Amino acid sequence: MIRQRLGLVPLLGLAVLLAGCVGIPTSGSVQSAEIKVDSDENPQVSLPDHPTSGQSQEEILQGFIRAGRGPQNGFNVAKEFLAPKAEWSGTAQVLITSSAIAPVRTGEDTLTITVDVTAEVDATGRYVALAVPSTQTLTYVFSVVDGENRILTAAPGIVLTPGGFTGAFDSHPLYFFDPSFRYLVPDLRWFPAVRAAADRIVSELLTGPSPLISSPVTISAFPLGTVGQADLAAPRVSVDLSASVGAESPITQRRMIQQLTASLVTLPNVGEVVVTAGGLSLAPAPESLIPDSQYQVRDPIGEVNGQFGTIVLDGITALPSIGNRIDALQPVAVSLSRTRDTAVVLGAGGVSIVGPTGDPVVVDKRPGLVTPTIDPQGYAWSVPANQPDGLIAVGADGTSHSVPLDADGTVIAIELSRDGTRLLAGLSTPDGPRLFVAGVQRDANLAPVALSSPLELRQSDPILDVAWLDGSTVAILSAGVAGSRVDVIPLGGPEVSLGPVENGVQIVGGNLQEGLRVLSSDGSVLRPSSAGGWVNTGFRASFLGTQQ
């Protein structure tokens with residue numbers, strides 16, 4: 001069963017489960033037979049069928065593949081289909097496909113299956129959606145054990161349909177610190193939906209973050225080489241770490257507890273995390289030291305009749321710290337800081353920083369600038385649409401840092417995550433739309449210095465705008481064949497379509513999915529409906545501002 005996780009959107013509209021077959025030929029030369037596919041209208045973790053006496057190699061293979069839906073006790077049912085000396089791990093890889101499974105006999109004791117893989121999960125739980133399906137052929141070699149067919153050599157991992165995958169696996173964000181230690185940054189992973197998930201969370205957390213946010217983009221408080229194990233007895237998870245952890249400073253110990261607690265409380269029915277080092281208790285982290293990992297975006301902001309501020313039904317309420325100082329810049333785009341006392345503004349004179357006091361400071365006068373974005377350290381990020389390598393980050397003191405986008409084409413939109421660790425970018429290129437997220441590398445003073453290798457996200461339609469929903473999920477407004485539409489993409493998870501939105505021209509993020517707002521070409525502000533589709537909020541605006 002899918003459980004909504006902290007900072008994630010619900011996963012909707014998923015496909016079918018692998019199931020039984022009938023009429024599989026068992027003799028002759030090279031043969032193939034289709035394994036039929038069941039409906040997965042209500043996918044759930046269920047105990048798969050065990051092997052039975054007298055089954056053919058094809059039936060054993062069928063049962064083995066189906067048993068991949070049952071991760072209980074380390075896939076113990078799937079292992080019953082294997083010969084005693086066979087080496088196999090159900091989590092070595094997960095291949096996700098909607099292909100029908102057609103075993104092909106390539107030898108007296110050998111069967112293969114060929115599938116078009118649309119997504120993969122590696123041994124660390126990282127989910128990758130493939131831009132183009134990858135055709136893979138998996139080989140299974142059989143032997144006879146006590147008169148019964150068993151698999152002697154199995155292809156690594158398991159094969160699941162999208163619905164079978166989300167029925168057997170759960171998503172878990174692992175948390176690491178941004179370089180300022182002010183924010184916790186999620187790194188989404190997928191583990192089998194079993195009690196042992198607690199141990200997997202701890203193990204992968206200690207191993208470190210995914211390449212996108214690896215050091216120096218994020219920091220882990222755990223010393224290199226730290227090992228640990230977890231025991232789940234709901235509502236408590238007990239974690240025991242290496243004894244050497246006890247020698248770390250109190251603040252480092254507290255940060256380790258913060259990472260563990262944030263990562264483990266996503267498990268169902270868990271309300272307490274107890275951490276020891278070599279069996280000795282570590283002091284709990286004081287509430288005041290727990291970083292802000294939740295984002296509280298308030299009412300929408302934007303421009304109405306030449307005035308910028310919080311949008312209300314009868315117009316605009318000025319922002320307390322900024323007042324009407326943005327209005328004089330003739331703005332066409334605004335990004336507001338987390339503290340709501342600073343904004344970066346694209347206006348007639350270029351990009352300016354408007355602080356809580358003093359006059360606006362122009363930081364970028366180049367022509368053709370796209371909507372700027374601001375990070376928690378107060379840097380304004382700005383780039384000309386036709387010059388991706390011209391991306392700069394400018395501080396409040398006017399110091400400019402070059403942070404080029406390693407990309408060709410035209411920049412449509414950029415937006416920083418609210419923790420400032422990742423940049424979302426949408427481009428139009430000669431090869432089609434390109435959508436990616438890159439980690440932000442900073443120096444000792446937290447100034448941006450470079451971007452990490454990007455995580456490419458699948459995108460086929462022209463991009464109109466991009467937005468962050470939360471720390472691990474983005475939303476894309478694109479121009480589909482039938483008009484504009486919105487898709488929600490977890491950074492490491494199946495995407496979700498929120499469907500068409502009439503004449504959408506801009507999208508801004510809010511508190512999770514329900515906080516999304518889309519501006520239509522006639523100035524209407526739309527929101528997602530709980531019943532599906534989009535509804536008019538009653539607000540109107542010339543443009544919407546983003547809020548960090």
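Threonine 546 has its place in strand E39, which covers residues 543-547, and in this predicted model that residue makes a convenient starting point for a walk through the structure. With a relative accessibility of 10%, threonine 546 counts as buried, because buried means under 20%. Its side chain makes a polar contact with the side chain of serine 335, at 3.0 Å. If we leave aside the neighbours within four places in sequence, threonine 546 is in contact with Ile301, Val334, Ser335, Leu336, Glu415 and Val508.

Two residues in that list lead onward, and we can follow Glu415 before Val508. Strand E26 takes in residues 410-416, and five of its seven residues are buried, so strand E26 is largely enclosed by the rest of the structure. Its partner is strand E27, residues 422-429, to which E26 is joined by six bridges, with the two strands running antiparallel. As an example of this pairing, isoleucine 414 has alanine 425 in E27 as its bridge partner. Between the two strands of this hairpin there are five residues, and glycine 420 in the hairpin takes a positive phi near 75°.

The other residue, Val508, leads to a sheet. In general, the strands of a sheet pair through backbone hydrogen bonds, and the pairing may be parallel or antiparallel. Here four strands form an open sheet in the order E35-E36-E37-E38, with antiparallel pairing. Strand E35 (504-508) and strand E38 (534-540) stand at the edges, and because each has a single partner strand, one side of each is left without a neighbour in the sheet. From one strand to the next, the twist averages 30°. Towards one edge of this sheet, strand E37, made of residues 524-528, pairs with E38 over four bridges in the antiparallel sense, and proline 528 has tryptophan 534 in E38 as its bridge partner.

Having looked at strands and their partners, we can turn to the spaces left between atoms. Rolling a probe the size of a water molecule over the atoms shows where empty space is left. A search of the whole structure finds five cavities of 30 Å³ or more, and the second largest cavity holds about 70 Å³ of space. The residues that line the second largest cavity include Phe64, Ile65, Trp88, Leu138, Tyr140, Pro156 and Val159. Helix H1 (57-67), strand E6 (127-145) and strand E8 (158-160) are the elements that give two or more residues to this lining.

Technical notes. Residues are numbered from 1 along each chain as its sequence is written. This is a predicted model: local features need pLDDT of at least 70, side-chain atom pairs count only at pLDDT 80 or more; totals for chains, interfaces and linings use all residues. Side-chain values use heavy atoms; hydrogens and water are left out. Two strands pair if DSSP finds at least two bridges between them. Axes are lines fitted to C-alpha atoms, for helices over the stretch in contact, and angles run from 0 to 180 degrees between N-to-C directions. Buried means under 20% relative accessible area, exposed over 50%, partly exposed in between (1.4 Å probe, protein chains only). A polar contact is a pair of N or O atoms within 3.5 Å; within protein, one must be able to donate a hydrogen and the other to accept it, and residues adjacent in sequence count only if both atoms are side-chain atoms. Contact means heavy atoms within 4.5 Å. On a 1 Å grid over the protein atoms alone, a cavity is a set of points where a 1.4 Å probe fits but cannot get out, and a pocket is an open set with protein on both sides within 12 Å along at least five of seven lines; lining residues have an atom within 4 Å of a point. Grid points are joined across faces, edges and corners, and a volume is the space filled by probe spheres set on the points.
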